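Below is a short note for a colleague who is opening this structure for the first time. It takes two sheets and one ligand site in turn.

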Amino acid sequence: MSQLTPMMRQYLEVHEKAKDAILFFRLGDFYEMFFDDAVTASKELEITLTGRECGLEEKAPMCGVPYHSAEGYIAKLIEKGYKVAICEQVEDPKESKGIVKRDIVRVISPGTVSEGKFLKDKSNNYLMSIYGNLVDTGIAYMDVSTGEFYLTQISDLGNKDAVLDEIAKIAPSEILINTILYKDKHFKNVMNIKFSAYTNVLPSKYYESDKCRQSIAAVTGVYSVNSLGIEGREAAIKAAGALIRYIDETQMRSLSHIDKIIWYDIFEYMSIDHATRSNLELIKTIRGGEKQGSLLGVLDRTRTSMGSRKLKQWLSEPLRDAQRINFRLDAVESIYSEVELRENLKNVLDKIYDLKRIVGKLSFGNCNGRDMTALKESISVVPELKEILRNSGSHLIDEIIEKMDDMTDIKELIENAIDPDGPISVKDGGIIKYGYDETVDYYRDISVNSKDMILKLEQSEKEKTGIKSLKVKYNKVFGYYIEVTNSNIHLVPDNYIRKQTLSNCERYFTDELKNLENKILEADDKLVELEYEIFQNVRKVLVEGLDRVKETADYISQIDVFYSMAHVAYINNYAKPRVDNSDQIMIVEGRHPVVEGTMDQNLFVPNSAEADTGENRMIIITGPNMAGKSTYIRQIALITLMAQTGSFVPAKKAKIGVVDRIFTRVGASDDLASGQSTFMVEMSEVSNILKNASKKSLVILDEVGRGTSTFDGLSIAWSVVEHLAENIGCKTFFATHYHELTELEDLLEGVKNYCIKVQESENGVIFSRKIVSGNADKSYGIEVAKLAGLPESVINRSNELLNLLEKKEDKIKKGKSTQHLDFKPGNNLNLFNYQDKQIIEELGSLPLDDMTPMEAINYLNSLKKRLGGENK
Ligand code: ADP
Ligand code: MG
């Protein structure tokens with residue numbers, strides 16, 4: 001039996017500690033991968049697969065990447081959904097007996113990346129931890145690169161929809177989850193289908209209550225979790241505790257910027273489920289998944305990456321508290337109304353770097369002098385920023401100015417210590433500024449003076465020897481030397497000692513040159529060492545002030561969002577909405593923020609909208625295809641959502657009573673990628689609405705029922721409308737091509753019909769895009785088909801067939817066929833229960849005492865008729 005080599009044994013032992021990761025095993029200047037890892041990595045990274053003797057009969061598959069270019073390869077693997085464990089030598093080879101000790105120094109996964117190409121400037125990268133028992137679910141999430149850390153708990157007694165909505169909002173790149181929750185089949189399915197996060201199911205040891213409490217206390221620096229106000233919230237404590245432990249185990253390095261946990265309540269925010277986020281294209285488009293073409297794409301004119309991330313966060317979680325919303329709106333208004341202020345603000349914001357990520361780098365210890373200089377430059381403009389915003393008249397901005405820290409001490413420290421023109425590397429010297437440290441200055445003087453003296457020496461040797469082309473040069477291998485070309489060798493004096501011979505010249509040194517060289521090398525060595533030490537000391541001092549930097553960075557990002565909202569409002573002609581706690585939504589001449597941007601100015605036709613929870617709670621919009629129904633109902637949702645984010649809105653005027661949730665459903669949306677039938681998806685989304693909508697919700701239904709046959713679809717649409725209008729009573733906008741639904745206006749309270757009129761002309765239809773009250777009289781399907789360029793013969797044949805069908809329909813109607821679905825009262829009792837109700841009501845109020853037996857019999861007979869029975 002063959003035996004594994006010691007190194008391979010070491011490899012396998014180390015790999016045991018990170019079984020689920022691809023192990024980058026450091027050998028010399030390479031990270032090597034073996035066995036299955038090698039096969040996977042060579043394929044994913046497109047690098048050559050080779051083999052290495054490992055003691056077994058067959059060679060071990062192997063591939064490798066140079067350590068200095070590893071970052072790109074790691075990013076690629078992470079992007080493809082793998083974890084990578086980095087294994088380094090952990091002892092000096094000189095001191096080791098036998099094989100050098102190696103161990104994992106870091107595990108990198110999608111949610112723990114803290115630098116490099118995988119991180120996107122304008123997006124947070126969240127690692128999320130979910131702990132669910134059968135009653136409560138705790139959710140903790142963190143951006144390791146910035147230190148932002150949030151925590152909440154949802155008491156849902158088994159309904160996990162709210163938890164899924166949170167995942168949709170946060171869009172984490174990695175999820176930690178406990179087994180109980182992951183066993184919930186529905187939850188697991190939805191999670192895996194809808195979200196592409198890397199998922200780790202953690203064993204119960206991560207959720208031991210006492211240990212979780214200890215980790216939370218250690219990170220936040222409190223004595224007990226009591227003082228954080230989370231005592232008693234067991235699920236939240238476990239989620240946070242497991243998250244911290246996971247970070248500790250994978251990062252194995254200082255994370256001092258993670259020092260605060262922000263508790264939030266999901267009811268502070270409008271909840272928006274995954275389908276709605278995606279349908280409304282808030283952050284990215286449905287098709288390409290791109291920012292361009294989404295609401296964020298229109299609204300993001302922030303000047304810093306921090307601001308961009310903040311705006312994304314705000315759009316993902318619109319507020320519910322009218323007062324907080326109005327504070328934001330006032331802040332935007334104060335900037336909106338002052339052109340000069342906006343311009344000044346932009347100029348100042350442009351000077352600010354990504355402070356939050358710099359804070360992360362400082363804490364990890366992988367920052368350099370340039371990061372510090374960027375920190376200093378950003379801090380330097382804080383006083384100017386405050387000055388510009390003074391007397392804004394906005395309560396929120398006043399508060400921010402009050403709390404923003406000038407951080408003069410930090411600025412001065414960096415200014416005095418760090419050379420702004422220093423190199424990227426922190427280990428080659430040249431980073432500490434002249435005048436900051438006497439010893440550094442001393443050695444630097446020696447080095448500089450000696451270099452001067454070398455120049456002088458060159459001059460004097462030229463003169464002494466008469467060799468005009470004589471040069472003193474330096475290279476890394478040979479140090480300093482005097483170079484003389486072959487034609488001048490006969491002039492070289494005796495004190496020159498030969499160092500190297502080249503084809504066209506000779507290289508020499510002299511005692512004097514050697515002395516100078518020694519001085520320089522010694523001084524340079526000392527300098528490099530000392531500068532690195534001082535740099536680390538400066539870093540330590542800075543780390544102590546990180547929470548101040550973090551806090552001010554957060555204020556700056558808010559200001560940036562206000563700037564962006566004001567600027568966008570100005571260039572796009574938005575209005576400040578009135579937001580209150582009423583149940584009314586009133587939009588005067590509203591526009592779709594994204595669609596209007598895709599067409600020439602003024603071509604977009606504005607439309608008003610009104611809804612409440614009383615007389616106008618179910619708005620049914622009919623009109624032919626392409627008339628603009630979908631655009632219209634979406635713009636209502638977007639305007640409401642923008643208003644609750646604190647943004648101005650694309651309308652002439654708007655009054656928005658805060659809604660608790662927005663739901664949008666689109667009939668038969670294509671969801672083939674996730675392997676569910678489209679109609680099934682449509683129906684499960686509708687079911688979610690009926691289960692979760694409240695009277696305070698805004699529901700947008702677009703062609704619901706379209707995904708199945710006409711009668712099925714119509715029946716479903718009809719009963720959904722009934723349920724929403726009667727049992728829930730929320731504001732609903734329902735765009736549909738089922739004309740029959742307009743009959744509901746007369747049958748149900750709160751239903752109002754609107755339609756988009758089109759004009760017929762000789763050349764086909766003309767879309768007016770104008771919403772008017774009333775219902776569309778026909779569907780114009782064939783006219784639209786004509787517009788779309790279907791061949792004339794097909795169009796003519798369609799018209800012929802349509803005529804035939806319409807005639808047949810008339811006959812059926814006249815022939816009292818029971819098969820035909822007529823939605824007027826009197827028919828189809830079992831399908832539509834409004835008829836039942838009407839009759840039951842009638843019976844209840846029947847004045848039996850005043851009726852003769854004959855009258856009663858007659859009444860019964862008429863009832864029977866109305867119910868479709870024959871009078872025998
Ligand atoms: P429907 O849902 O009625 O089939 P859409 O809302 O999808 O119609 O609109 C079709 C197209 O009409 C859109 O892509 C857009 O280009 C245009 N459109 C919609 N609403 C308007 C409007 N108010 N003003 C101008 N063009 C519009
Ligand atoms: Mg449509």
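**Notes on two sheets and a ligand site**

1. Helix 19 (residues 438-465) lies across strand 14 and strand 15, running at about 140 degrees to strand 14. Helices (H or I, at least four residues) and strands (E, at least two) are DSSP runs, numbered from the N terminus. Contact means heavy atoms within 4.5 Å; axes are lines fitted to C-alpha atoms, for helices over the stretch in contact, and angles run from 0 to 180 degrees between N-to-C directions. Helix 20 (residues 511-544) also packs on the sheet, where it touches strand 14, strand 15, strand 16 and strand 17 (505-509), and its direction makes about 145 degrees with that of strand 15.

2. This is a predicted model, in which local features need pLDDT of at least 70 and side-chain atom pairs count only at pLDDT 80 or more, while totals for chains, interfaces and linings use all residues. Residues are numbered from 1 along each chain as its sequence is written, chains are lettered from A and ligands numbered from 1 in the order in which they are written, and side-chain values use heavy atoms, with hydrogens and water left out.

3. The sheet under these helices is open and has four strands in the order 14-15-17-16, with antiparallel pairing; two strands pair if DSSP finds at least two bridges between them. Strand 14 (471-475) and strand 16 (497-501) are at the edges with a single partner strand each, so one side of each has no neighbour in the sheet. From one strand to the next the twist averages 40 degrees.

4. Strand 14 is joined to strand 15 (residues 479-485) by five bridges. Lys473 has Tyr481 of strand 15 as its bridge partner.

5. A second open sheet has seven strands, ordered 13-23-24-25-21-26-27, and its pairing is mixed. Strand 24 (residues 698-702) and strand 25 (residues 731-736) are parallel and share five bridges, with Leu698 opposite Lys731. Helix 25 (residues 710-728) lies across strand 21 (618-622), strand 24 and strand 25, at about 150 degrees to strand 21.

6. Which residues are closest to ligand 1? Of the 13 residues around ligand 1, the closest are Val605, Met626, Lys629, Ser630 and Thr631; a residue is near if one of its heavy atoms lies within 4 Å. Helix 23 (residues 629-645) gives the largest share of this shell, three residues.

7. An oxygen atom of ligand 1 lies 2.6 Å from a backbone N or O atom of Met626. A side-chain N or O atom of Thr631 is 2.5 Å from an oxygen atom of ligand 1. Polar contacts are pairs of N or O atoms within 3.5 Å.

Key
Polar contact = N/O pair within 3.5 Å; in protein donor to acceptor, adjacent residues only side chain to side chain.
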